[in-house]
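User: Please walk me through the packing and domain layout of this protein. I will ask short questions.

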Amino acid sequence: MKSLAILAAGAALIASPLAAQQADPIAQVEAQQERTQRVAQQIWDFAELGYLETRSSGLLIDELEGAGFSIRPGVAGIPTAFVAEWGDSGPVIGLLAEFDALPGITQSAQPTRDPVADKHAGHACGHNLFGAGSLSAAIAIRNWLEATGTPGRVRLYGTPAEEGGSGKVYMARAGLFDDADFVIDWHPADRNSAASRKSLANRSGKFRFRGVSAHAAGAPERGRSALDGVEAMNMMVNMMREHTSMDTRIHYVITSGGAAPNVVPDFAEVFYYVRHSDADEVRALWPRLEAAAQGAAMGTGTDVDWEIIHGNNPTLPLESLQTMMDTKLRQLEPIAYTAEELAWAGTIRDSLGEDAPALAQAQEVEDYAVLTGYGSTDVGDVSRAVPTVSVRTATWVPGTAAHSWQAVAASGHSYGAKGTQQAAKAMILAAVELYTNPQLREQAKAEFIAERGEDYVYESLLGDREPPLDYRQ
């Protein structure tokens, strides 16, 4: 009997440190380090465009199923969108996971310009890291909930086509966030920040002109140039800029303008974005674009139609949640880089110009601030459906711009994976606070109602269109 008692005591001593480790949120994330880097690298290799992320979405689903999550695939009419969930009671906290790449930019993980000849897209916005970091955070939260017996449900939203496809808008429109209590969002960046950041509302559309083809020299009088229609529209919109408010941003690219100078093009297309800090201002500006298109068609003897491609509401930051996230971010140990990673980062920095920030910025946390950014994101629609908190971590070398080859390189390197782990740690600390602090939950929900308005009714900038599953084809 005495020997049995000694064995039991020894087992308890062994089990006690293990139990303590399982109850430590940071330890739970650190246990996912191999998964973070492996999944981030695989999605970086796939580099799949919006709504075409079959392998990337499938990889995340496989990892989540293996960790005991239930899966709802193909939600909101989008084959690559999914909702994964673990738990059956308590507050519902969701995490967002993006995984689409950008077309037209490729780069190896080398720190000097090195396009990859056989690839047509690259993770220049780090969404491979976004997906992998949220995956690791969700699994770590699930393990922490189980180890501590804390009531709670954790949910991972697989959100495709952020880059111009507004995947989250269709998911919000379908009500997939309506029963969540909170959502935690993050994004790769060149710095660590939990600033309260409002984005711009955005709507995009493709304007398609159709004319009559003819020999440009032999029978020009018989032609009606669709390209003339596009150029006339662009001229009128450019004149319109003088008569818009200061926050307005309008940009376009001609996606089709003909194939040969000696053929009058019978088809041409221009792709427009309109942005403003107020969604109602975007709605007011859009008919002016449509009128310019109609006038251009009348003046050039062509026909025009258009299709709204995507639209995002501005984000609705909540200071009660952002200041909490700022506190959690400051509790983390700074990212530790190897000598090889610092040398790699130094070469990247050399490409950014003499005024690039010091490498040490990646180990610092920016001062808390309330900001208006000039980008747009479909997280805006999520933040208007459910209280949402966001964080950015340094996955790129300080001074790196999003949508650059330097961002692609860092997103495929261990440097980026380390910043991703930092994001997962911040997310789990925020989740633990939300699960265990009912006063914060009440305060954030009250602020959400006040900021959104008592009589708020959600309206997307997309109307009732179906997801444009072929917009990248």
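User: Which helix lies across β9, β10 and β11, and at what angle does it run to β11?

Analyst: This is a predicted model, so local features need pLDDT of at least 70 and side-chain atom pairs count only at pLDDT 80 or more, while totals for chains, interfaces and linings use all residues. Residues are numbered from 1 along each chain as its sequence is written, and side-chain values use heavy atoms, with hydrogens and water left out. Helices (H or I, at least four residues) and strands (E, at least two) are DSSP runs, numbered from the N terminus; axes are lines fitted to C-alpha atoms, for helices over the stretch in contact, with angles from 0 to 180 degrees between N-to-C directions. Across β9 (201–210), β10 and β11 lies α7, residues 226–240, at about 20° to β11.

User: Which helix lies across β9, β11 and β12?

Analyst: The helix in question spans residues 279–300. Its direction is about 10° from that of β9. The helix is α8.

User: In what order do the four strands of the open sheet run?

Analyst: Strands pair if DSSP finds at least two bridges between them. The edge strands, pairing on one side only, are β10 (249–256) and β12 (303–312). Twist averages 20° from one strand to the next. The pairing is antiparallel, and the order is β10-β11-β9-β12.

User: How many bridges join β10 to β11?

Analyst: β11 covers residues 267–276 and runs antiparallel to β10. S256 stands opposite E269 in β11. The number of bridges is seven.

User: How many residues does the largest nonpolar core have?

Analyst: A nonpolar core is a set of buried Ala, Val, Leu, Ile, Met, Phe, Trp, Tyr and Cys residues joined through side-chain atoms within 4.5 Å; buried means under 20% relative accessible area, exposed over 50%, partly exposed in between (1.4 Å probe, protein chains only). Those with the most contacts inside the largest core include F69, Y157 and F177. This core draws at least three residues from each of domain 1 and domain 2. Its size is 83 residues.

User: How far apart do the C-alpha centres of domain 1 and domain 2 lie?

Analyst: Domain bounds come from an automatic or database domain assignment. Domain 1 is 25–199 + 314–452, and domain 2 is 201–312. Their contact (heavy atoms within 4.5 Å) takes 14 residues from domain 1 and 12 from domain 2. The centres lie 35 Å apart.

User: Which three residues supply 48% of the area that domain 1 buries against domain 2?

Analyst: Buried area is the accessible area (1.4 Å probe) that two parts lose on being put together, summed over both. Between the domains this is about 940 Å², with 45% from carbon and sulfur atoms. The three residues supplying 48% of domain 1's share, more than any other three, are P314, Y374 and S376.
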